[in-house]
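This report goes from the whole chain down to single residues. Keep the sequence and the model in view while reading.

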Amino acid sequence: MNSNNIRNFCIIAHIDHGKSTLADRLIETTNTVSEREMKEQLLDNMDLERERGITIKLQTVRMYYKASDNIEYELNLIDTPGHTDFNYEVSRSLAACEGALLLVDATQGVQAQTIANLKLALEQNLTIIPVINKIDMPNADAESVIKELEELEEFDGLDLSNVILASAKNGIGIDDILESIIQHVPAPKGNSEKPLQALIFDSHYDVYRGVVLHIRVFNGSIRAGMKIKMLKSDLVFEALQVGVFLPEMQSVEALDAGEVGFISTNIKVVSNIKVGDTIINPNIPDTEAVPGYKEVKPMVYAGLFPIRNEDQDKLKDAVEKLALNDSAFIYKQENSMALGVGFRCGFLGILHMEIIQERLEREYGIEILSTFPSVEYRVTLKNGEIATINNPMLLPSFEKIDYIEEPFIDAAIIIPMENIGEIMELCQEKRGCYVDMVYLNNKMAELIFKLPISEIAYDFYDSLKSLTHGYASIDYRDRSYVVSDLVKMDIWLNDEMVDAFSFILPRDKSFERGKQIVQKMKHVIPRKLYPMPVQSVVENKVIAREDIPPLRKSVTGKGYSGSTSKKKKIAKNIKDNKVRQRKFGGVDIPQEAFHAVLDVR
Ligand SMILES: Nc1nc2c(ncn2[C@@H]2O[C@H](COP(=O)(O)OP(=O)(O)OP(=O)(O)O)[C@@H](O)[C@H]2O)c(=O)[nH]1
């Protein structure tokens with residue numbers, strides 16, 4: 001299609017403001033999917049997303065729309081995820097678009113993520129179309145929402161003269177939105193005659209097609225059979241199939257400048273793919289990379305180990321495939337004395353880690369034991385050597401260490417004004433340093449704090465959400481390393497150190513946490529016929545010790561005289577527990593033991 005008749009856009013919104021409902025309505029109105037085929041919330045097609053009620057993976061859909069000028073346009077909608085752990089995916093969808101619908105709930109008004117996403121979109125110079133949704137609701141107040149948007153003065157580039165009032169649920173304003181996209185979102189500027197330049201903004205693994213890359217072509221065009229080169233990975237492949245998402249995948253002859261679609265390739269090693277990489281013509285090697293893409297780095301690392309040894313190869317295959325689908329998820333083989341062979345994996349945060357773990361279990365049927373997460377420390381040794389360590393097991397002995405630095409991050413936290421006091425307190429509690437505060441309008445403020453990643457990666461977002469009743473957004477910026485007084489805590493069980501339990505923490509918290517951990521462990525480690533000591537040890541000194549008492553009598557065995565139902569229940573608990581534990585030196589280590597360490601943080 002002539003690129004003048006193409007529009008690439010996304011929808012940005014605070015959670016629950018109606019993004020998926022609007023996307024569905026656009027798909028329906030343009031007859032992209034017939035009503036019969038129209039599954040509710042088509043774009044959120046993963047079970048896990050449905051259950052958790054959040055959008056994780058973005059999906060693209062191409063629609064055709066005959067506008068009031070009687071011309072047929074090609075509209076490419078790129079869905080954006082709505083949770084903070086996944087902000088990086090927002091930035092990568094934005095890089096593939098020229099415009100964004102800024103969706104605001106008429107009953108809720110401008111919220112933290114409205115502002116955070118708007119900022120990201122303006123940084124990428126996207127044209128913004130403000131849409132006020134849910135005007136069908138009795139308490140809708142579009143006037144106030146427009147005022148709130150007007151007050152966001154620092155956001156030049158937000159033109160409020162064309163605000164659209166809509167109800168995604170009742171189909172009000174949908175035609176106006178489509179016409180406005182045609183009128184205001186610029187057509188892509190690329191040139192199909194120029195050398196190929198395409199951005200990989202997503203990828204997934206398809207059983208029939210193998211590795212599928214989701215791409216936006218900026219210049220040149222791409223056809224099946226062409227040789228292509230990934231700029232960053234410096235590898236050459238063949239484009240086997242070229243197609244578009246309707247939303248089902250369908251072959252097309254070519255993707256020209258300005259278009260969005262997919263290519264399948266003969267790529268065998270999935271770790272060769274880097275989302276964010278630029279595809280070029282191998283014969284024109286000096287083509288530049290597509291700008292505007294923000295690379296992501298994991299924030300936390302944890303070991304994932306299969307519960308069953310025979311799942312080792314399956315786990316390798318599964319993490320490879322998941323990493324392909326998710327550029328922020330990285331992995332490397334890890335060996336633990338206690339847990340055997342597994343993978344050290346990097347995640348954006350705890351939610352991200354939990355989702356990966358659930359996907360491994362549900363989609364690949366592999367039961368996983370995950371160690372507690374750690375950040376990446378920089379360790380300077382007395383001999384001058386510097387080591388980067390994201391696995392506490394590998395921290396050199398304390399006598400050799402000169403100092404340890406831990407990663408801090410500049411966090412931009414957008415919150416309602418009435419919560420400023422509590423959030424300041426929370427940040428200080430988490431060892432944060434205040435940097436700045438800006439009032440965004442008469443309702444919201446932005447706080448900038450330097451915070452240690454080790455403190456915020458765990459429950460910070462949950463605390464933030466509960467203190468603000470869900471009305472907060474956080475974006476992470478520059479990282480830096482700061483010297484901290486840190487020590488490694490080891491846990492000894494039955495006189496053997498369990499390497500996978502070790503973790504790094506501030507020295508001044510080690511005494512209290514050491515005590516709490518052994519108390520917790522006492523309750524989660526399955527008892528044996530003999531008592532077992534559990535000890536927390538820092539720099540060769542025992543901080544605390546508890547004894548796990550021996551088993552008295554077997555409630556599931558013959559001697560037990562309790563009720564049958566109780567006996568069954570206990571037997572079931574034991575069975576469930578067994579699924580999630582690994583043996584170490586005759587002692588069972590259940591997943592709960594790792595949670596115990598997280599709990600006392
Ligand atoms: N009354 C009314 N309800 C709406 C409208 N649009 C969406 N909703 C409802 O608002 C809720 C959230 O809508 P979603 O489309 O799931 O919101 P979302 O922004 O995609 O949510 P996330 O994927 O979690 O970011 C759902 O219960 C919708 O039915 C609307 O125009 N009017």
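Accessible area is computed here by the Shrake-Rupley method with a 1.4 Å probe. By this count the protein exposes about 26,000 Å², and carbon and sulfur atoms supply 48% of that area. The model is predicted.

**Overall make-up**

The protein contains 14 helices and 32 strands. Of its 601 residues, 56% are buried. Among contacts with a separation of 6 or more, 70% are between residues 24 or more positions apart. The chain is divided into five domains, with the bounds below.

| Domain | Residues |
|---|---|
| domain 1 | 3-184 |
| domain 2 | 197-280 |
| domain 3 | 300-370 |
| domain 4 | 377-484 |
| domain 5 | 487-599 |

**Domain 1 against domain 2**

How many residues of domain 1 are in contact with domain 2? There are 20, and they meet 15 residues of domain 2. Together the two domains bury about 1,400 Å² between them, with 55% of it on carbon and sulfur atoms. Thr60, Arg62 and Arg92 supply 38% of the area that domain 1 buries against domain 2, more than any other three residues.

**Helix H1 and the loop before H6**

Helix H1 covers residues 19-29 and is mostly covered, with 8 of its 11 residues buried. Among these buried residues are Leu22, Ala23, Leu26 and Ile27, but also Lys19, Asp24 and Arg25. The buried residues of H1 pack against four strands, E1 (6-13), E2 (60-66), E3 (72-78) and E4 (99-105), and against helix H6 (174-184). Just after H1, asparagine 31 has a positive phi of about 55°.

Isoleucine 172 sits in the loop between strand E6 (164-165) and H6. Is isoleucine 172 buried or exposed? It counts as partly exposed because its relative accessibility is 36%, and that class lies between the limits of 20% and 50%. Leaving aside residues up to four places away in sequence, isoleucine 172 touches Ile135, Leu165, Ala166 and Ser167. Its C-alpha atom is 8.4 Å from that of aspartate 136, although the two residues are 36 apart along the chain.

**Strand E10 and its two partners**

Strand E10 (residues 227-230) runs antiparallel to strand E11 (residues 235-245), and 4 bridges join them. The hairpin of E10 and E11 has 4 residues between the strands, and aspartate 234 there takes a positive phi near 55°. E10 also runs antiparallel to strand E15 (residues 278-280), joined to it by 2 bridges. Lysine 229 has a partner in each of these strands: valine 236 stands opposite it in E11, and isoleucine 280 stands opposite it in E15.

**An open sheet of four strands**

Strands of a sheet pair through backbone hydrogen bonds, either parallel or antiparallel. Which order do the strands of the open sheet follow? The order is E17-E18-E16-E19, and the pairing is antiparallel. Strand E17 (330-336) and strand E19 (368-370) are the edge strands, each pairing on one side only. Neighbouring strands of this sheet are turned by 35° against each other on average, direction ignored.

E17 pairs with strand E18 (residues 340-347) over 7 bridges. One pair of bridge partners is lysine 332 and arginine 344, the latter in E18. Helix H8 (residues 350-364) lies across strand E16 (300-306), E18 and E19, and runs at about 160° to E19.

How values were computed:
Residues are numbered from 1 along each chain as its sequence is written. This is a predicted model: local features need pLDDT of at least 70, side-chain atom pairs count only at pLDDT 80 or more; totals for chains, interfaces and linings use all residues. Side-chain values use heavy atoms; hydrogens and water are left out. Two strands pair if DSSP finds at least two bridges between them. Axes are lines fitted to C-alpha atoms, for helices over the stretch in contact, and angles run from 0 to 180 degrees between N-to-C directions. Contact means heavy atoms within 4.5 Å. Buried means under 20% relative accessible area, exposed over 50%, partly exposed in between (1.4 Å probe, protein chains only). Domain bounds come from an automatic or database domain assignment. Buried area is the accessible area (1.4 Å probe) that two parts lose on being put together, summed over both.
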